[in-house]
Each structure stands twice: as C-alpha cells, then as structure tokens.
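Please look through the model shown below before reading on. The paragraphs after it go from the chain as a whole to its core, and then to single residues.

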Amino acid sequence: MRLLAFLPLLLLAACTASGPTTFSVPPGRYAAAFDAARDELRDRHFLLERVDAGSGVITTRDKHTAGLATPWDGEQSTVGQEFEDLLNHQQRRVRVTFEPQAPAPDNAPPSPLGESGAVGRVEVILYRTQSPGLRPSSKSINLTTTTIDPAQRNQGIASQYQVPTSQDSRLAARIARDIEDRLRRAQ
C-alpha cells in the first residue's frame, strides 16, 4: 500500500534524466525542423511570441505553472521543481534557435540557413517574480500590505518584477528530443 502512495513520485523521478539540449537538422530539412519546433511548443501549450524563420528563432511568452497544484502541466522534471513552482510565482520561457552546422568560410557568400544542415538549440529560462515590498500578515491573507520604496519608484522600478533564476536544462533536453522525434516521424 505504501508503494502505491510513492508510485507517482517514482514515475516523476524517472523523467529527471537530462540530455543534450540540441538537435540536428539534416540538409534541406530546415523548414520541416522549424515547423516541428513551432508545433512542439504549441502542443506543450506555450504561447509563441516571436516566430522568425529567416533568422532561425522561435521564442515563447511566459508560461506560469503552480507545480503540484497543476498536475496537468508537464514542465517540471523533478519533485523539487514541483515544490518550487508550488511555493513561488515562477514561469518559464523557451527559445529555440537554429544555426548552420558548419560555419561558412570567410570569403564565401552567406547561404540560406539549413542548406547544408543545421543545429537547433533549445533554451528554457526559469523566471521568478520578486515582490520586495510585500508584508504578509500573520493573521489573515486579506491583511497583507505592500510598502512603496520611493527610491525604487524614482528609478522606475515596479513593485513586482521578474528575475531570471536558472536554466531548466532538463525541460530543454526533453523539448529538443521531442522536436527531433517529430522531425524524424515527418520524413
């Protein structure tokens, strides 16, 4: 019976394996790889912010999650991340970039991206919302107040702001692997 209670944690621990955050794009398959990356991010419910095939860049908007309180979100790779997202106001942004597989010689004219193969790179940045003037009440959440720092206000700093805290390389590796699988299935 105790084993059944810990089964979800064991399954989640199995998903923690990290790997490369890059994937290879065969020559002539850049358009399909770009579409695969865009579709993978959409299927993961990220809102796309910048989709620029000419520059080889896809970025997403912030995706908020509450960790254990939102079991339908699959961004967390470890139990620790589940608790961090539950206890903190965190969000993730994804950036997928495509670069030529081999650099062009110095005197050669630039060739279209992906003509001789490319490398896709996935970055996931974890942002945490900071509220330095928040004063929680010990009696009731309704009695929480906020201080205003005049020096911050004069500098144009908001009372809440986002700070990048780390890279989520585990999620980036999962996204890269899924993009590569999607590209392979499309052939």
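**A walk through the chain**

Of the 187 residues in the chain, 31% are buried, where buried means under 20% relative accessible area, exposed means over 50%, and partly exposed lies in between, with a 1.4 Å probe and protein chains only. This is a predicted model, in which local features need pLDDT of at least 70 and side-chain atom pairs count only at pLDDT 80 or more, while totals for chains, interfaces and linings use all residues. Residues are numbered from 1 along each chain as its sequence is written, and side-chain values use heavy atoms, with hydrogens and water left out.

The secondary structure comes to five helices and nine strands, where helices (H or I, at least four residues) and strands (E, at least two) are DSSP runs numbered from the N terminus. Read from the N terminus on, the elements follow the order α-β-α-β-β-β-α-β-β-β-β-α-β-α. Among the contacts between residues at least 6 apart in sequence, 70% join residues at least 24 apart, a contact being heavy atoms within 4.5 Å.

The core is a good place to go next. In soluble globular proteins, nonpolar side chains tend to be buried together. Here the largest nonpolar core has 23 residues, and those with the most contacts inside it are Phe23, Leu41, Val94, Val96, Phe98, Val122 and Ile175; a nonpolar core is a set of buried Ala, Val, Leu, Ile, Met, Phe, Trp, Tyr and Cys residues joined through side-chain atoms within 4.5 Å. Two or more residues of this core come from each of β1 (22-25), α2 (30-43), β5 (90-100), β6 (118-130) and α5 (169-186). Val122 can serve as an example, since, leaving aside its neighbours within four places in sequence, Val122 is in contact with Thr21, Phe23, Val94, Arg95, Val96, Ala172, Ile175, Ala176 and Ile179.

Aromatic rings also meet in this model, and the structure holds four aromatic pairs, counted when the ring centres of Phe, Tyr and Trp (its six-membered ring) lie within 6.5 Å, with planes under 30 degrees apart called stacked, over 60 edge-to-face and the rest tilted. The ring centres of Phe23 and Phe98 are 5.7 Å apart and their planes stand at 85°, so this pair is edge-to-face. Because Phe23 lies in strand β1 and Phe98 in strand β5, the pair ties together parts that are 75 residues apart in sequence. Tyr30 and Phe98 form an edge-to-face pair as well, with 5.4 Å from centre to centre and 85° between the planes, and this pair links Tyr30 in helix α2 to Phe98 in strand β5, 68 residues apart. Tyr30 and Phe98 are both buried, and Phe23, Tyr30, Phe34 and Phe98 form one aromatic cluster.

Helix α2 also holds Ala31 and Glu40. Is Ala31 buried or exposed? At 52% relative accessibility, Ala31 counts as exposed, whereas Glu40, at 7%, counts as buried. Leaving aside neighbours within four places in sequence, Glu40 is in contact with Ile175, Asp178, Ile179 and Arg182.

Polar residues are buried in helix α3 (residues 79-87) too, namely Gln81, Glu82 and Asp85. They cover an arc of only 105° around the axis, which puts them on the same side of α3, the arc being that of the directions from the helix axis to the C-beta atoms.

Thr60 belongs to strand β3 (residues 57-60) and is buried, with a relative accessible area of 2%. The side chain of Thr60 reaches the backbone nitrogen of Val94 at 2.9 Å, a polar contact being a pair of N or O atoms within 3.5 Å, where within protein one must be able to donate a hydrogen and the other to accept it, and residues adjacent in sequence count only if both atoms are side-chain atoms.

Lys63, in strand β4 (residues 63-64), is buried with a relative accessible area of 10%. A polar atom of the Lys63 side chain lies 2.7 Å from the backbone oxygen of Arg44, and Lys63 lies over the face of Phe46, at 5.0 Å from the ring centre. A charge sits over a ring if NZ of Lys or CZ of Arg is within 6 Å of the ring centre and within 35 degrees of the ring normal. Arg93 lies over the face of Tyr127, at 3.8 Å from the ring centre.
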